[in-house]
Amino acid sequence: MSGLGLEAEAEPLGADTKAKSLGAKARSGSGPEAQAEPLDFVVATEQEFEEVLAISGDIYGGLNYLPSRYHGWLWDPDRTVVLTKQNGVIALESVHVIDARKSAPAEGLRVAPCERGKGHPGVKVARLTLDDQLGPRELKKYRLITKQGILLVRFNASALPAGLGARLAALQASGTFPPLPTEAVSEAGCDVARLLLSPSVQRDVLPGRTIIQDWQPYRRSESNLHLLVAKGLEWCVDSRARPLLLTLCTRPFPIPRGSDGTWHYLNIHAFGSDGAQVRASLWHLLRQAPRLAGFNVTCQLFLAPQLWSQLTDFCPASWGLELVKGYTEQYLLEADI
């Protein structure tokens with residue numbers, strides 16, 4: 001799965017955002033240039049939901065998150081969802097104002113199949129997250145801030161818990177999986193704020209001193225903490241006193257994979273370089289699988305690149321997880337505006 005987060009300096013986006021209609025000339029063809037139907041740029045509403053689904057049904061091989069998030073995005077006061085219309089919806093892009101209203105990452109770009117490859121209006125870019133291989137063009141234009149490995153697995157939530165206890169006992173008896181502490185962190189009582197605003201966490205735990213969640217890079221600030229807390233994430237650390245590992249897990253959300261409506265998706269971000277701690281934290285999160293009983297789950301785990309092979313060897317063999325694809329990386333890039 002690819003993800004895109006564009007960060008650009010932006011004017012505040014408020015309720016007074018106006019829909020605009022622009023004339024567009026034909027982009028292809030021979031002979032005299034003809035005037036095409038105008039492009040209408042409008043703020044998205046609930047009424048366009050089915051049209052949005054129609055232009056993005058083939059995205060990410062059935063792992064498209066947009067159907068689960070579209071309605072929530074429309075009610076988010078810090079987000080604006082813009083549609084491009086030309087005899088119907090042909091494109092969507094969402095802009096989320098973060099970093100104390102100083103930057104606005106774009107997210108959820110969708111383009112109708114018939115319009116792809118025809119070009120997209122450029123924006124001034126400061127930050128970019130993607131999982132494509134970096135070529136000379138990207139390396140010339142951007143600075144590489146950090147990268148993470150991506151481990152994509154799937155499992156049946158009903159079948160997984162039955163074997164977890166036995167596997168854990170066997171691994172601990174062999175000494176290959178020593179019991180390590182994993183503590184849930186409450187979003188109440190300022191626990192999350194104390195952790196993420198701690199200089200040691202920023203220096204020793206967060207890659208590139210950045211909180212990357214769901215492909216969006218957040219600078220360490222109190223305003224961004226409010227945005228992260230509002231996502232309802234599950235937070236875990238190895239130690240509250242001096243954390244060396246921090247994991248963030250999204251709420252499970254349905255995806256259109258398959259035709260039986262049983263597939264859900266999880267994103268887990270593991271920040272830290274200790275493989276044993278990452279395994280312990282992942283184990284803790286997978287023990288929550290009974291809440292997804294009856295569902296099939298695709299799980300995307302982001303972790304330090306050097307830990308990918310360790311987790312790949314450990315997860316399928318010991319836990320009964322199915323590896324979906326080989327090694328890929330998530331890059332966080334930055335360029336001056």
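How much area does the chain expose, and what share of it do carbon and sulfur atoms supply? In this predicted model, the exposed area comes to about 16200 Å². Carbon and sulfur atoms supply 55% of that area.

The chain has 337 residues, and 49% of them count as buried. Its secondary structure consists of nine helices and 17 strands. Contacts were also sorted by how far apart the partners lie along the chain. Among contacts with a separation of 6 or more, 72% join residues 24 or more positions apart.

Strand β7 illustrates how separate parts of the chain pair. This strand covers residues 143-156. Its pairing with strand β17, residues 328-334, is antiparallel and runs over seven bridges. Within this pairing, Gly149 stands opposite Glu329 of β17. Strand β7 also pairs with strand β15, which spans residues 296-303. That pairing is antiparallel too, with eight bridges. Here Arg154 has Thr298 of β15 as its bridge partner. A further antiparallel pairing links β7 to strand β16, residues 322-323, over two bridges. Arg154 appears again in this pairing, and its bridge partner in β16 is Glu322. Arg154 thus has a bridge partner in β15 and another in β16. A general point helps in reading such strands. In a regular strand, side chains alternate between the two faces of the sheet.

Two loop residues stand out for their backbone angles. Asn87 has a phi near 55°, a positive value in a residue other than glycine. Asn87 sits in the loop between β3, residues 79-85, and β4, residues 89-96. Is Asn87 buried or exposed? Its relative accessibility is 74%. Exposed means over 50%, so Asn87 counts as exposed.

Trp215 is the second case. Its phi is positive as well, at about 75°, although Trp215 is not a glycine. This residue lies in the loop between β9, residues 211-213, and β10, residues 216-218. Is Trp215 buried or exposed? The relative accessibility of Trp215 is 4%. Buried means under 20%, so Trp215 counts as buried.

Both residues combine a loop position with a positive phi. Their surroundings contrast: Asn87 is exposed, whereas Trp215 is buried.

Definitions and conventions: Residues numbered from 1 in each chain as written. Predicted model: local features only at pLDDT ≥ 70, side-chain atom pairs only at ≥ 80, totals over all residues. Heavy atoms only, no water. Helix = DSSP H or I, 4+ residues; strand = E, 2+ residues; numbered from the N terminus. Buried < 20%, exposed > 50% of the residue type's maximum accessible area, 1.4 Å probe, protein only. Contact = heavy atoms within 4.5 Å. Areas by Shrake-Rupley, 256 points an atom, 1.4 Å probe, with all protein chains shown as cover. Pairing = 2+ DSSP bridges.
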